[in-house]
Amino acid sequence: MKIGILSRGPQNHATLRLSETAVHAGHTAEVLDPFGFYLQVGGTSDRITYHGKPVNDFDVIMPRFSRTTAQYGEEVVAHFEWIGTPVINRAKAIAKARHKFRSLRILAQHGLPIPPSLTVGSSEFLENAAAEMGDYPFILKPFYGTHGRGIMLLDTPTSLTSAVDALCDLHHDYVIQPFITEAGGVDIRILVVGGEAIAAMKRSAPPGEFRANIHKGASGETVTLPEAYDRLAIEATAALELEIAGVDLLETNSGPVILEVNPSPGFEELESVTGINIASLIIQFAAKFAQNH
């Protein structure tokens, strides 16, 4: 089986593990830079080329996008879908999951628990809207972002209003959420592959940090979760029509809520903490997915 992995980082842990594992399993694997593709519609032909050569012989495509590659990468994925190549995950699903506010709305439409979330076009009525959301402090996070970048913790009406004014002036869109005190810099990451929760860990922020991101110095540890947590992660992944996703949950006094769903989850720490061969499980799923397409 010929597997194409869309990624600008051939030495990125997840990309490298998937590529090596695919070859070890007897498949052919190629890491493809999304910006190396030319997409053509109409004219003499409708086709996709990579570095000037036609590419229509892949059995399955696996996108691994960063923030910088996602926008054009989604077009590449959509083109592969158009010519009939199986893709994990599809372009529309990636786009929905990457947009933090839109993804939360979809999850809410499916009756899944999320934190109270707000986005605004100005600060004119912000004070009243914030009061309906909860108490200070509030978290501001960009519509698009990874690794905890661009997230702010604001603890007064003045700081919140000032931040929103500045962001609106710059035409930057942010999600506003109350800081959930009892979660306190701790979240749960569950990896879902093919409708199954295959691995999970608890992530804890270092002292003085409120973001439980590994890239911000958080540490991971194994955790045994109630079945309801796995079921929630699986339902969130299905609601966004993803085959593979990293689902982040917060444990609140009212039960778990979905913080966000990542369509290109890294799994270096997850493999290290749990000892599960995640790359192998993903490649096994990809092979079955291609066969069933």
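Q: What makes D248 count as buried in this predicted model?
A: Its relative accessible area is 3%. Buried means under 20%, so D248 earns the word.

Q: Why is the contact between D248 and R189 called a salt bridge?
A: Look at the closest N and O atoms: they are 2.4 Å apart. The cut-off is within 4 Å, so this pair qualifies.

Q: What makes this pair a tie between separate parts of the chain?
A: D248 sits in strand β13 (residues 244–252), while R189 sits in strand β10 (residues 186–193), so the bridge joins parts 59 residues apart in sequence. R189 is buried as well, because its relative accessibility of 9% falls under 20%.

Q: How do you know that R203 and D248 form a salt bridge?
A: Their N to O distance is 3.2 Å, and the limit is within 4 Å, so the name fits. R203 belongs to strand β11 (residues 196–204), so this pair ties parts 45 residues apart. Shared partners join D187, R189, R203 and D248 into one network.

Q: Why is K2 called buried, and why is E30 called partly exposed?
A: K2 has 19% relative accessibility, which is under 20%, so K2 counts as buried. E30 has 32%; partly exposed lies between under 20% and over 50%, so that is the right label for E30.

Q: What makes K2 and E30 a salt bridge?
A: Their closest N and O atoms are 3.6 Å apart, and the rule asks for within 4 Å, so they pass. K2 is in strand β1 and E30 in strand β2, 28 residues apart.

Technical notes
Residues numbered from 1 in each chain as written. Predicted model: local features only at pLDDT ≥ 70, side-chain atom pairs only at ≥ 80, totals over all residues. Heavy atoms only, no water. Salt bridge = Lys/Arg side-chain N within 4 Å of Asp/Glu carboxyl O. Helix = DSSP H or I, 4+ residues; strand = E, 2+ residues; numbered from the N terminus. Buried < 20%, exposed > 50% of the residue type's maximum accessible area, 1.4 Å probe, protein only.
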